[in-house]
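Biologist: I'm new to reading protein models, and I'd love a close look at a single part of this one. Could you pick out the aromatic rings and walk me through where they sit and what surrounds them?

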Amino acid sequence: MSSEQPIRWGIIGPGTIARTFADGIVHSRTGKLVAIASRNPQKPGLGDGFPGARIVKGYDALLTDAQIDAVYIATPHTGHAEWAIKAIRAGKHVLVEKPIALSAFDAEAIYHEARKAGVFAGEGFMYRLHPQTEKIVELVKSGVIGTVRIIRSSFGFNMGGFKPEHRLFANDTAGGGILDVGGYPVSMARLIAGAVEGKPFCEPEKVYGVAHLGQSGVDEWASAVLQFKNGIIAEVSCSIMAQQDNTLRVIGSEGRIEVKDFWFASGHKGGVGTIELFRGAEQETIEVKEDRWLYSFEVDAAGDAIRAGEKEFASPGMSWADSTGNLRVLDRWRAAVGLEYGVEKASSRTTNIAGAAVRPGSSIPQRQIPGISKPASVVTLGFEFFPNFAAASLTLDAFYEAGGNVFDTAYVYGSGKTESIFGEWHTSRNVSREEIVLIGKGAHSPLCYPDMIGKQLDQSLDRLKTDYVDIYFMHRDNTAIPVGEFVDAMDAEVNRGRIRGIFGGSNWTRERMDEAMAYAAKSGKKAPAALSNNFSLAEMLDPIWAGCVAASDDEWKKWLNEKQIPNFAWSSQGRGFFTDRAGRDKHDDEEIVRCWYSDRNFARRDRANELAKKLGRNPIHIALAYVIAQPFPVIPLIGPRTIAELEDSLSALGIELTREQVKWLEG
């Protein structure tokens with residue numbers, strides 16, 4: 001794009017903040033307002049705040065408008081992620097009014113789409129781009145107040161009373177103070193804590209939050225304490241039912257900085273912003289005079305980035321990492337006070353993040369697993385890491401839409417929460433149960449006893465919202481119990497119809513599996529026919545968790561090849577060993593060092609690096625391709641936390657290693 005060509009803006013959601021942003025476009029040097037989109041284009045006075053702009057009927061129509069380069073999204077919070085992704089997929093650059101999304105997980109999905117599309121995407125914290133903010137950062141870095149120790153900041157106002165019709169009081173539209181204005185003091189605290197270290201921002205190690213939740217369930221006033229690794233403590237607060245002083249205070253060992261209404265800088269239409277500097281009995285007022293309109297800085301920062309081919313704001317604007325980090329703090333704050341919005345629950349979140357119905361895809365290859373009647377994807381999705389349904393549904397949707405249909409659950413994951421999440425997911429999406437291969441696991445130590453299998457399966461099936469699992473694993477083994485008692489218990493569940501495929505052991509030894517199969521043959525019971533042990537190009541030296549069993553060495557491979565029993569392999573990519581987190585000179589990650597560091601594994605890692613370079617891939621892709629390429633059935637379990645991580649893992653499915661390459665990798 002030419003450095004002289006104006007960025008042609010369209011606006012979705014023509015409310016108050018959109019009119020303010022439109023003023024910023026008018027007074028910018030890079031932008032031109034072309035059109036606004038409204039679902040009610042005949043509304044009286046609609047165009048008054050957007051002089052010269054075309055009024056387009058419907059948001060989708062704006063996205064197909066060839067005269068629009070960039071879209072500013074000013075819908076209520078609940079529409080931000082959906083319309084940002086739709087705009088990005090339409091090839092538009094996007095600037096989304098804060099918060100860019102309801103959670104960090106949603107924000108990461110937006111930025112992942114922008115990365116794939118090669119467009120600019122940014123979150124609209126306009127104050128970050130004003131010269132006053134740069135001046136505050138400059139003062140902090142200069143050491144004029146000594147060592148920064150405490151940051152206090154607030155953004156709060158009083159709506160005067162409960163207004164059920166107003167978006168700020170509506171739980172279903174993500175109302176309350178934390179998401180609406182809490183991001184300002186949090187983002188400023190992170191900016192200052194980072195400035196102390198010469199970084200664009202810094203993430204807190206600990207977040208402690210409290211709030212008063214009103215009658216509609218949203219936070220009406222709330223506070224949080226952020227503790228940073230560099231010793232700084234930040235006290236932040238927000239409110240919609242309490243007028244606060246809205247002052248930023250940066251307290252150091254030699255003085256303090258105070259800024260009234262820091263987020264408003266020198267004013268909407270420009271003016272003089274003041275920074276108060278206190279050192280002992282001395283007080284100095286630093287004026288930041290600025291004639292430009294507040295939002296014009298944001299418009300031009302986005303415009304300059306777009307013209308330069310950049311995909312995100314430069315500091316002190318909110319980069320992608322800064323933006324998602326800010327939302328992670330708000331997520332932790334909300335979690336601490338028990339604030340979940342109605343729209344994040346399964347009953348309301350019935351579509352994918354782009355607002356479309358979830359439909360099965362076909363890009364992930366499928367295979368036939370012995371003992372399972374339906375085709376199964378060559379990889380299995382495990383998801384014990386997700387904090388709630390809203391976060392998990394992003395990855396579950398993406399996996400299913402790519403063609404994945406095997407899901408790994410367990411009674412102990414999240415104390416049952418992940419089983420409930422999966423039950424809510426497949427029922428809210430109306431996914432046919434017959435299209436899913438569902439793995440259940442139970443009887444984990446210390447409750448590793450035969451009678452726990454049926455009892456725990458009662459609870460698991462209720463949480464999973466199904467009456468059977470396709471595959472069942474004993475999650476651990478208890479060698480003090482005769483193996484036949486476990487086989488009897490699992491066989492009984494097969495006869496009850498609650499295990500309708502195969503069962504076996506997770507973290508079982510070859511000897512116990514052989515003994516179990518021999519017992520089944522002798523007693524006429526159904527035999528164990530599946531395994532879920534670690535299997536990876538890197539051989540696990542020390543168990544990650546107590547009772548874990550790896551099946552990666554030569555003896556295990558010989559056994560698996562003879563039996564042709566499917567192994568649903570956990571930690572199939574070595575839990576970071578094939579990434580930059582590991583290396584002969586890196587010893588920060590205790591688990592990686594303890595479990596994977598050996599000369600043999602590093603030699604394999606070297607060969608994976610060599611092959612990856614030759615194929616134009618990453619070594620972690622080679623590690624996953626190695627697992628799938630075995631001459632016996634290995635179905636790797638992958639545990640991505642984001643859509644980006646999921647798609648990165650799935651990209652390895654396009655690598656088909658030859659037998660010679662597999663042997664060479666093994667050395």
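Modeller: Sure, here is a walk through the aromatic rings and the strands around them. Keep in mind that this is a predicted model.

Let's start with the big count: a search of the whole structure turns up 32 aromatic pairs. One of them is Phe105 with Phe386, a tilted pair with ring centres 6.1 Å apart and 55° between the planes. Where do Phe105 and Phe386 lie? Phe105 belongs to helix H4 (residues 104–117), while Phe386 is in the loop between strand E17 (380–382) and helix H9 (389–401), so this pair ties together parts that are 281 residues apart in sequence. The two rings aren't equally hidden, either. Phe105 has a relative accessible area of 23%, so it counts as partly exposed, because the buried label needs a value under 20%. Phe386 has 3%, so it is buried.

Now for a second pair, Phe155 and Trp263. Is this pair stacked or tilted? The ring centres are 3.9 Å apart and the planes make an angle of 5°, so the pair is stacked, as planes under 30 degrees apart count that way. This one also links distant parts of the chain: Phe155 is in strand E7, Trp263 is in the loop between E12 and strand E13 (271–279), and the two are 108 residues apart. Both rings are tucked away: Phe155 counts as buried at 9% relative accessibility, and Trp263 is buried too, with a relative accessible area of 15%.

Phe155 and Trp263 have company. They belong to one aromatic cluster, together with Phe125, Tyr127, Phe157, Tyr184, Phe262 and Phe264.

So what do the strands around this pair look like? Strand E7 covers residues 148–156 and runs antiparallel to strand E11 (residues 247–252), with four bridges joining them. If you want a spot to find on screen, look for Val148, which stands opposite Gly252 in E11. E11 in turn is joined by five bridges to strand E12 (residues 256–260), and those two also run antiparallel. Here you can look for Leu248, whose bridge partner in E12 is Val259. With three residues between them, E11 and E12 form a hairpin.

There's a label from a record for this stretch as well. UniProt, in an unreviewed entry, places the feature "domain: GFO/IDH/MocA-like oxidoreductase" at residues 135–258. In the model, the end C-alpha atoms of that span lie 12 Å apart, and the span is 23% helix and 34% strand.

Elsewhere there is another sheet to look at. Six strands form an open sheet with parallel pairing, in the order E3-E2-E1-E4-E5-E6. Its edge strands, each pairing on one side only, are E3 (54–57) and E6 (121–124). From one strand to the next, the twist averages 25°. Inside this sheet, four bridges join E4 (residues 70–73) to E5 (residues 93–97), and Ile73 has Val96 in E5 as its bridge partner. Helix H7 (residues 294–307) packs on the sheet, touching E1, E2, E4, E5 and E6, and its direction makes about 125° with that of E1.

Last, two rings with a charge over them. Arg512 lies over the face of Trp508, 5.8 Å from the ring centre. The charged end of Arg605 sits over the ring of Phe577, at 5.8 Å from its centre.

Conventions. Residues numbered from 1 in each chain as written. Predicted model: local features only at pLDDT ≥ 70, side-chain atom pairs only at ≥ 80, totals over all residues. Heavy atoms only, no water. Pairing = 2+ DSSP bridges. Axes fitted to C-alpha atoms, helices over the stretch in contact; angles between N-to-C directions. Contact = heavy atoms within 4.5 Å. UniProt positions renumbered as here; feature names shortened; annotations may be inferred. Phe/Tyr/Trp six-rings, centres within 6.5 Å; stacked < 30°, edge-to-face > 60°. Buried < 20%, exposed > 50% of the residue type's maximum accessible area, 1.4 Å probe, protein only. Lys NZ or Arg CZ within 6 Å of the ring centre and 35° of its normal.
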